[in-house]
Amino acid sequence: MNFDALADEDLLAIDPAVLEASLREQGWESQDLSIPAAIWMAPGERGERIFVPHDRTFDDYLPRLREALDAIRTVDEERWPALMVRLLAPLADVVRFRAAVATPADGSIGFNAGLRLIEGARGALEAATRAV
């Protein structure tokens, strides 16, 4: 994902609460301020700090959010794509399916079992869409 190409309206769609929940899950620690914002410190020895604004009406909201996201990317490049997907589509449902068969330690399943799993998942999703 090319973060630099994100339009301002895409960034405005990011909910600061979802961003902060993601940071908390990754071990960042927050320091609340007396203004609608927080400073977050990265886990580990690097001690990276970021400023996360909460109020979209601030004149510098977008530049501060871009700075925060860029710092997060610098600290954790590996999880960056998954974080951006979560931030840009936080209301999307995640449905996971598991095979009810014994699998090797690496989590693989046989071809036919895989086909049955995909067919069953598709059937479950089709039934759910009809029920709405």
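In the predicted model, helix H3 packs against helix H4 through a defined set of residues: Leu-69, Ile-72 and Arg-73 of H3 meet Trp-80, Leu-83, Met-84 and Leu-87 of H4. Sorted by class, this contact comprises six nonpolar residues, one charged residue and no polar residues. The axes of H3 and H4, the latter spanning residues 80-88, come within 9 Å and cross at roughly 145°. Because angles are taken between N-to-C directions on a scale from 0 to 180 degrees, a value of roughly 145° describes two helices whose directions are closer to opposite than to parallel.

Arg-73, one of the H3 residues in this contact, also takes part in a salt bridge. Its side chain meets that of Asp-70, with a distance of 2.6 Å from N to O. Both residues belong to helix H3, which covers residues 61-75, and they are three residues apart, so about one helical turn separates them. The two partners differ in their exposure. Arg-73 has a relative accessibility of 16% and is therefore buried, as the limit for that class is under 20%. Asp-70, at 32% relative accessibility, is partly exposed.

The loop between H3 and H4 contains Asp-76. This residue forms a salt bridge with Arg-79, and the closest N and O atoms of the pair are 2.6 Å apart. Asp-76 has a relative accessible area of 15%, which means that it is classed as buried, whereas Arg-79 reaches 42% and is partly exposed. The C-alpha atom of Asp-76 lies 9.5 Å from that of Ala-42, although the two residues are 34 positions apart along the chain.

Asp-76 and Arg-79 are also touched by a residue from another loop. Gln-26 is located between helix H2 (16-25) and strand S1 (29-32). When residues up to four places away in sequence are set aside, Gln-26 touches Pro-43, Asp-76, Arg-79 and Leu-83. Gln-26 thus contacts both partners of the salt bridge between Asp-76 and Arg-79, and it also touches Leu-83, one of the H4 residues that meet H3. The relative accessibility of Gln-26 is 15%, and the residue therefore counts as buried.

Further charged pairs are present in the structure. Side chains of opposite charge can pair when their charged atoms come close. The count for the model comes to eight salt bridges. One of them joins the side chains of Arg-122 and Glu-126 at 3.1 Å, N to O. These two residues are four positions apart in helix H5 (residues 111-131), a spacing of about one turn of the helix. Arg-122 is exposed, with a relative accessibility of 56%, and Glu-126 is partly exposed, with a relative accessible area of 31%. Elsewhere, salt bridges link Asp-60, Arg-64 and Glu-67 in a network.

Arg-64, a member of that network, has a second kind of interaction. Its charged end sits over the ring of Phe-51, at 4.9 Å from the ring centre. A search for aromatic pairs, by contrast, finds zero in the whole structure.

Phe-51 also appears among the contacts of Ala-37. Ala-37 is part of strand S2, which spans residues 37-41. With residues up to four places away in sequence left out, Ala-37 touches Asp-32, Phe-51, Val-52, Pro-53 and His-54. Its relative accessible area is 2%, so Ala-37 is buried. Between the C-alpha atoms of Ala-37 and Asp-15 there is a distance of 13 Å, with 22 residues of separation in sequence.

Strand S1 is represented by Gln-31. Gln-31 touches Ala-38, Ile-39 and Arg-49, again not counting residues up to four places away in sequence. Of these contacts, Ala-38 and Ile-39 fall within the range of strand S2, residues 37-41. The C-alpha atoms of Gln-31 and Met-41, which are 10 residues apart along the chain, are separated by 8.1 Å. Gln-31 has a relative accessibility of 37% and is therefore partly exposed, in contrast to Ala-37, which is buried at 2%.

Notes: Residues are numbered from 1 along each chain as its sequence is written. This is a predicted model: local features need pLDDT of at least 70, side-chain atom pairs count only at pLDDT 80 or more; totals for chains, interfaces and linings use all residues. Side-chain values use heavy atoms; hydrogens and water are left out. Rings of Phe, Tyr and Trp (its six-membered ring) pair if their centres lie within 6.5 Å; planes under 30 degrees apart count as stacked, over 60 as edge-to-face and the rest as tilted. A charge sits over a ring if NZ of Lys or CZ of Arg is within 6 Å of the ring centre and within 35 degrees of the ring normal. A salt bridge is a side-chain nitrogen of Lys or Arg within 4 Å of a carboxyl oxygen of Asp or Glu. Buried means under 20% relative accessible area, exposed over 50%, partly exposed in between (1.4 Å probe, protein chains only). Contact means heavy atoms within 4.5 Å. Ala, Val, Leu, Ile, Met, Phe, Trp, Tyr, Cys and Pro count as nonpolar, Asp, Glu, Lys and Arg as charged, and the others, Gly among them, as polar.
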